[in-house]
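Got your viewer open? Let's take a walk through this structure, one selection after another.

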Amino acid sequence: MSELDYLNEPQCMKHGARWRARFQQLMNILRAKFTKQYFHKVGEAICTCGPDDDIFRFLPEKIQEKRIRKSKDTRWAELITDEVADECYKYFDNYIETNFDKTKDEYGHLKDILHVLKERGQLSSRLNSANRFLYVFYKFDKDKDTSLLNPPPEPPKKEEVKDGVKEEPMTPAVPLEKLDMHLKSLRPEDVGNFIGKKGIHIRRLLKEKQGSKITMGKEEGHVKIEIEATKEDLQEIKDRLLQREALVNQARRQHEESVRQYNEMMGEPSSMDYQSAEESMDQ
């Protein structure tokens, strides 16, 4: 993924690293619009985060498990069509024009946020978090409708009862297969970032794939992983681990490039310069 694609990739406005500051600024300006009862519900309503997202990796484990949505909110697909999304965008733009003084900072901030959301692709899909926000605002301001600010009801659990006794469904045992893989591009010192604090990324993956097992070790200087899972889950687990490896390597390269650019800006020698200087001294 190129840097431009990464910057334009849709993110949750509530939790996404590139948008949560703007979302907080947006809500602070509109604080008087939403009553205290609904103000803090807006962020949760427009959240599009799921168990595969990596944005919670720096938060404590208990907070991660609490904030990650366990089931998808399917209400939006039926509510937000392309025409509705376009109407909500125009409605919010008109709200800014008619309710804020053009000479004040709030007007400029809101227009800038709306412009950046569109330019960075956050409105490219009708089900993105930004479109959810515009729809929530549209319904709240125009129709006084607050139903979307409450979480969707949990579907009722079906229980099998026979002769007054609940029968637990029997699940047949599925044979497990083993797979060994080597992450040759992952440095051993980056394993901590790979698995996350207390192994959160691995445990989250195993939680989805019940009965699977992942064992990590070192072999010939490379990170070795042994996977034990069903045939259906084996390839998906492997692909997820390779994606995680690529993400960690990308973050490391970005960090090294940032350090190099900072050293050049400050006029400090890089690690290569230090090595050359030490070799000269030895000679």
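What covers the buried residues of α8? Keep in mind that this is a predicted model, then select residues 105–119 to bring up helix α8. Its buried residues are Tyr107, Leu110, Ile113, Leu114, Val116 and Leu117. Now add α2 (20–29), α7 (82–99) and α9 (129–142), which are among the things covering those residues.

While you're here, check the length of α8. With 15 residues at 1.5 Å each, α8 should span 21 Å, and its end C-alpha atoms are 21 Å apart, so the two agree. Just after the helix comes Gly121, with a positive phi near 80°.

Next stop: the largest nonpolar core, which has 39 residues. Pick out Leu30, Phe92 and Phe133, since these touch the most other members. At least two residues each come from α2, α3 (36–39), α4 (41–45), α7, α8 and α9. The largest share, 8 residues, is supplied by α9.

Zoom in on Phe133. Apart from neighbours within four places in sequence, Phe133 is in contact with Met13, Phe23, Leu26, Met27, Leu30, Val42, Ile46 and Phe92. There's also a second, separate core of 15 residues; select Met181, Val223, Ile225 and Val248 to see some of its members.

Last, show α11 (residues 200–208) and α12 (residues 231–266). These helices pack at about 160°, with axes 12 Å apart. Angles over 145 degrees count as roughly antiparallel, which is why α11 is described that way relative to α12. The crossing is right-handed. To see where they meet, select His201, Ile202, Leu205 and Glu208 in α11, plus Ile237, Arg240, Leu241 and Arg244 in α12.

Conventions:
Residues are numbered from 1 along each chain as its sequence is written. This is a predicted model: local features need pLDDT of at least 70, side-chain atom pairs count only at pLDDT 80 or more; totals for chains, interfaces and linings use all residues. Side-chain values use heavy atoms; hydrogens and water are left out. Helices (H or I, at least four residues) and strands (E, at least two) are DSSP runs, numbered from the N terminus. The expected span of a helix is 1.5 Å times one less than its number of residues. Buried means under 20% relative accessible area, exposed over 50%, partly exposed in between (1.4 Å probe, protein chains only). Contact means heavy atoms within 4.5 Å. A nonpolar core is a set of buried Ala, Val, Leu, Ile, Met, Phe, Trp, Tyr and Cys residues joined through side-chain atoms within 4.5 Å. Axes are lines fitted to C-alpha atoms, for helices over the stretch in contact, and angles run from 0 to 180 degrees between N-to-C directions. Angles under 35 degrees count as roughly parallel, over 145 as roughly antiparallel, 65 to 115 as roughly perpendicular and the rest as oblique. A crossing is left-handed if the near helix is turned anticlockwise from the far one by less than a right angle, and right-handed if clockwise.
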